[in-house]
Amino acid sequence: MSRMCEGRVVVVTGAGRGLGRAHALAFAAEGAKVVVNDLGVGLDGAPGADGPSLHVVEEIRAAGGEAIAHGGDVATSAGAASLVTAALDTYGRLDTLVNNAGFLRDRMLVNLDEEDWDAVVRVHLKGHFLPLKHAAAHWRAEAKAGRTPAARIVNTSSGAGLLGAVGQSNYSAAKAGIVGLTLVAAAELARYGVQVNAIAPAARTRMTERTFADTMTAPDSGFDAMAPENVSPLVVWLGAEESAGVTGRVFETEGGRITVMEGWRPGPTADRAARWTPQEAGETALKLLGRAEAPGRVYGG
């Protein structure tokens, strides 16, 4: 039986550990050739002692798959460009990009330094934009040359980006930005044969096992709902040709659950076709809120 990603070339950023590693292994198991990107930094973004991407490549090759390691910084234009070049030079093509790289520097808002804000936004949001930009430029050139691809991009948002999370204003803002980026990219790149979607996963990783320690502990037996491997099947499908026609969507995924997120859409409205006074605007807003659905609860709130 043919595997879902047979012959496809897939790039996964932040693939040395956690979700990224699980995605890389899952793509390889479905026949993809994988470029395993990881900068090898610690949980806070500081340089690490080893190169975890090499270990993942060894795992893939030991299982009979094909993979190469890439240690560039995808939040720089040169690093992101070299990621695309690595796929093309080694395997002659690029079919799927999974943006997953990131780290945390959690602080309550009033204690959050500008440096910690910039660092987290840089890696998560800029680290999505730049690989997406360079991959999209390649696919646009292919389409203009008459070789329209069946290209796929899977971005990684978070429940924190959809609902907010106390102590994670930098992370939440970056992850919300990734949703906006996903929607724009899906609209702009459709003409070139590129589909762009995002996931908001919940799983046990270095980032979550400290922040949500009570819910992330692996069970002694039975189904491990927080295992990162539970998220990867949806990512593989989104990165495969079988997902044709699905673009501009955000999926929340956790354990055995997949949810299509519906995001911002117009709710109750009032239009008087004239200017409100502040008093009238406030009274009307309260009436509309009484008819609206309650918002989701901020994590930790």
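## How the chain holds together

Start with how far apart in sequence the touching residues are: among contacts between residues at least 6 apart in sequence, 70% join residues that are at least 24 apart. Keep in mind that this is a predicted model.

What secondary structure does the chain contain? It has ten helices and eight strands. As for the overall dimensions, the C-alpha trace spans about 70 × 50 × 40 Å along its principal axes. The radius of gyration is 20 Å, and because a compact globule of 301 residues would have a value near 19 Å, the two agree.

## Surface and charge

How much of the chain is tucked away? Of the 301 residues, 47% count as buried. The chain exposes about 15100 Å² of surface, and 54% of that comes from carbon and sulfur atoms.

On the charge side, you'll find 29 positive and 33 negative side chains. The centres of these two sets lie 6 Å apart.

## Two neighbours in helix H3

Helix H3 covers residues 77-91, and Thr-90 has its place there. Is Thr-90 buried, exposed or partly exposed? Its relative accessible area is 41%, so Thr-90 is partly exposed, falling between the 20% and 50% cut-offs. The side chain of Thr-90 reaches back to the backbone oxygen of Ala-86, at 2.8 Å. Another residue to look at here is Val-9: it sits 81 residues from Thr-90 along the chain, yet their C-alpha atoms are separated by 9.8 Å.

Tyr-91 is found in helix H3 as well. With a relative accessible area of 18%, Tyr-91 is buried, because the limit for that word is under 20%. Which residues does Tyr-91 touch, leaving aside its neighbours within four places in sequence? They are Val-9, Lys-33, Val-34, Val-35, Glu-66, Ala-67 and Ile-68. With Ala-67 there is also a polar link: the side chain of Tyr-91 reaches the backbone nitrogen of Ala-67 at 3.3 Å. Val-235 is another story, as its C-alpha lies 21 Å from that of Tyr-91, with their positions 144 residues apart in sequence.

## Gln-195 in strand S6

Move along to strand S6, which runs over residues 194-202 and includes Gln-195. The relative accessibility of Gln-195 is 10%, and since buried means under 20%, Gln-195 counts as buried.

What surrounds Gln-195, not counting residues up to four places away in sequence? One group of contacts is Ala-151, Arg-152 and Ile-153, and another is Ser-243, Ala-244, Gly-245, Val-246 and Thr-247. Val-246 deserves a second look, as the side chain of Gln-195 reaches its backbone oxygen at 2.8 Å.

## Glu-252 in strand S7

Strand S7 spans residues 250-254, and Glu-252 lies in it. Glu-252 carries a negative charge in the count used here, and it is buried, with a relative accessible area of 15%.

Who does Glu-252 meet once its neighbours within four places in sequence are set aside? The contacts are Ala-200, Arg-257, Ile-258, Thr-259, Met-261 and Tyr-299. With Arg-257, the link is side chain to side chain: a polar contact of 3.3 Å joins the two. Gly-159 makes an interesting pair with Glu-252 too, since the two are 93 residues apart in sequence and 7.6 Å apart in space, C-alpha to C-alpha.

## Glu-188 and Ala-273

Glu-188 belongs to helix H6, residues 169-189. Glu-188 is partly exposed, with a relative accessible area of 49%, so it stays under the 50% that an exposed residue has to pass. Measure from C-alpha to C-alpha and Ala-136 is 9.9 Å from Glu-188, although the two are 52 residues apart in sequence.

Where is Ala-273 found? It sits in the loop between strand S8 (257-261) and helix H10 (278-291). At 74% relative accessible area, Ala-273 is exposed, because the cut-off for that is over 50%. Its backbone is worth a look as well: phi of Ala-273 is near 60°, a positive value in a residue other than glycine. Most residues other than glycine have a negative phi.

How values were computed:
Residues numbered from 1 in each chain as written. Predicted model: local features only at pLDDT ≥ 70, side-chain atom pairs only at ≥ 80, totals over all residues. Heavy atoms only, no water. Helix = DSSP H or I, 4+ residues; strand = E, 2+ residues; numbered from the N terminus. Buried < 20%, exposed > 50% of the residue type's maximum accessible area, 1.4 Å probe, protein only. Polar contact = N/O pair within 3.5 Å; in protein donor to acceptor, adjacent residues only side chain to side chain. Rg over C-alpha atoms; globule rule 2.2 N^0.38 Å. Contact = heavy atoms within 4.5 Å. Areas by Shrake-Rupley, 256 points an atom, 1.4 Å probe, with all protein chains shown as cover. Charge placed at Lys NZ, Arg CZ, Asp CG, Glu CD.
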